[in-house]
Amino acid sequence: MALKLYPHQTKAVSELGIGKILCGQVGSGKSITALTFWWTKICDGELKPWKRPKRKVPLYIITTARKRDSLEWQEDLTYFAKDDSHLVVVDSWNNMHKYEGVRQAFFIFDEQRVVGSGAWVKSFYKITKYNLWILLSATPGDTWLDYIPVFVANGYYRNKTHFVEQHVLYSRFSKFPKVDNFVNTEKLEKFRARLLVDMPFERHTVRHRERIWVEYDRELYRDILKSRCNPWDDYKPFKNSTGLAYALRRCSNDAKYRIPECRKLIEKHKRAIIFYNFDHELDELRKLDDAYVVAEWNGHKHEKVPSGNEWVYLVHYLSGAEAWNCTDTDCIIFYSLNYSYRIMEQAEGRIDRMNTKYTDLYYYILTCHSNIDLAIWEAKKRKKVFSESAFTKRLGEPQ
């Protein structure tokens, strides 16, 4: 079957260049677009600086472990490399250090992970110095600090220190380094505009989001706030704000109220993906197998999406919010809220694909009126990451 690109993909291929970021919504077809760029622009020699025969540029794809193991990239590659003469390596970000010595190859960095100054960023610098590369991302950066590795790799700055000296003002009143403001942002905006290749497209799908209000044990919640002790651990005092926040969340996400709502929604849609945060939630969700086929993707099990007419797929946010897709259901249930709005947006994209047969997609967010659930929701609305420590400092009575 011949490959046919959508108009937004064709436009992106023409605009892409070495060191750029292909920025497209979840499900917009970034993988096929990146491979088309490699095959038509790099392998054909248009952007290749080395004297090599056509079609002989090795391809290295650095992606998530799940996307590597699911062989999604290999499936897309069948449209291009038809024989064994092409060196193609697909591996995870955790193994990126293995390729620091590669020279004169083309790298696709999938699901952008190069932020900060850790081991991945150091490997990224070593690789990009001697190879051609592009980045793929649905959300390239929340602040200017997120762009530092890409700016440095493109030669706009010598290193992170050089960037900070020119653009970052730190707060004088903080006990730890805290950015107070960015300066000379016109220069940064020019660099970002030069590197970002947006891939907007009109979806044929419509997302319907509904908050499902559920009850919680208000008396237990007040007791936790008052005593600052853990009722699930012999009422031992909490050692830090993380322990307190966890207990408040566990009380808010009481299975007694949430599992019945899940059953109603599953009965309505027949096939559903459920995202959750904690193992105690998983323990309760597993009990759904008394009526449905249940499979999991988390730190314990790596099972495929079930087949059949009635099933439930339990997915841990951090394990499965990105890098896979499912076109066999129109329903995602968020059993509990995640602290990161970005992760929840990524999770929504698992069923919102260009090739889905559904037009209407349904997202159900289970939530209650506890002050921690409301605070997490407000942070999500502002596209901020919820802070446990900031929340516990201003704790009041539950609403």
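**View 1. What helix 15 packs against.** The buried residues of helix 15 lean on quite a cast: strand 9 (206–213), helix 9 (218–227), helix 10 (241–252), helix 11 (255–269), strand 16 (360–367) and helix 16. This is a predicted model, so keep that in mind for every view here. Which residues of helix 15 are the buried ones? They are Asn371, Ile372, Asp373, Leu374, Ala375, Ile376, Trp377 and Ala379. With eight of its eleven residues buried, helix 15 is largely enclosed by the rest of the structure.

**View 2. Leaving helix 15: Lys383 and Lys384.** Just after helix 15, Lys383 adopts a positive phi of about 60°. Lys384 sits in the loop that links helix 15 (371–381) to helix 16 (388–393). Is Lys384 buried, partly exposed or exposed? Its relative accessibility is 49%, and because exposed means over 50%, Lys384 counts as partly exposed.

**View 3. Lys384 and its partners.** Setting aside neighbours within four places in sequence, Lys384 is in contact with Tyr339, Tyr341 and Ala379. Of these, Ala379 belongs to the buried set of helix 15. Tyr341 is 43 residues from Lys384 along the chain, yet their C-alpha atoms are separated by 6.6 Å.

**View 4. Ile333 in the largest nonpolar core.** This core has 62 residues, and those with the most contacts inside it are Ile273, Ile274 and Ile333. What does Ile333 touch, not counting residues up to four places away in sequence? The list runs to Cys262, Leu265, Ile266, Ala272, Ile273, Ile274, Phe275, Tyr364 and Leu366. Apart from this core lies another one, of 32 residues, with Val102, Val114, Trp144 and Leu188 among them.

**View 5. Zooming back out.** For context, the protein's secondary structure comes to 16 helices and 16 strands. A compact globule of 399 residues would have a radius of gyration near 21 Å, and the protein's 23 Å agrees with that. Along the principal axes, the C-alpha atoms fill a box of roughly 75 × 60 × 35 Å. Half-and-half is the story for burial: 50% of the 399 residues count as buried. Among contacts between residues at least 6 apart in sequence, 70% join residues at least 24 apart.

**View 6. The surface and its charges.** The protein exposes about 19700 Å², and carbon and sulfur atoms supply 49% of that. As for charge, there are 64 positive and 51 negative ones, and their mean positions are 7 Å apart.

Technical notes:
Residues are numbered from 1 along each chain as its sequence is written. This is a predicted model: local features need pLDDT of at least 70, side-chain atom pairs count only at pLDDT 80 or more; totals for chains, interfaces and linings use all residues. Side-chain values use heavy atoms; hydrogens and water are left out. A nonpolar core is a set of buried Ala, Val, Leu, Ile, Met, Phe, Trp, Tyr and Cys residues joined through side-chain atoms within 4.5 Å. Buried means under 20% relative accessible area, exposed over 50%, partly exposed in between (1.4 Å probe, protein chains only). Contact means heavy atoms within 4.5 Å. Helices (H or I, at least four residues) and strands (E, at least two) are DSSP runs, numbered from the N terminus. The radius of gyration is taken over C-alpha atoms; the globule rule is 2.2 Å times the number of residues to the power 0.38. Accessible areas come from the Shrake-Rupley method with a 1.4 Å probe; for residues, only the protein chains shown count as cover. Lys and Arg count as positive and Asp and Glu as negative; His and the chain ends are not counted. The place of a charge is taken as NZ of Lys, CZ of Arg, CG of Asp or CD of Glu.
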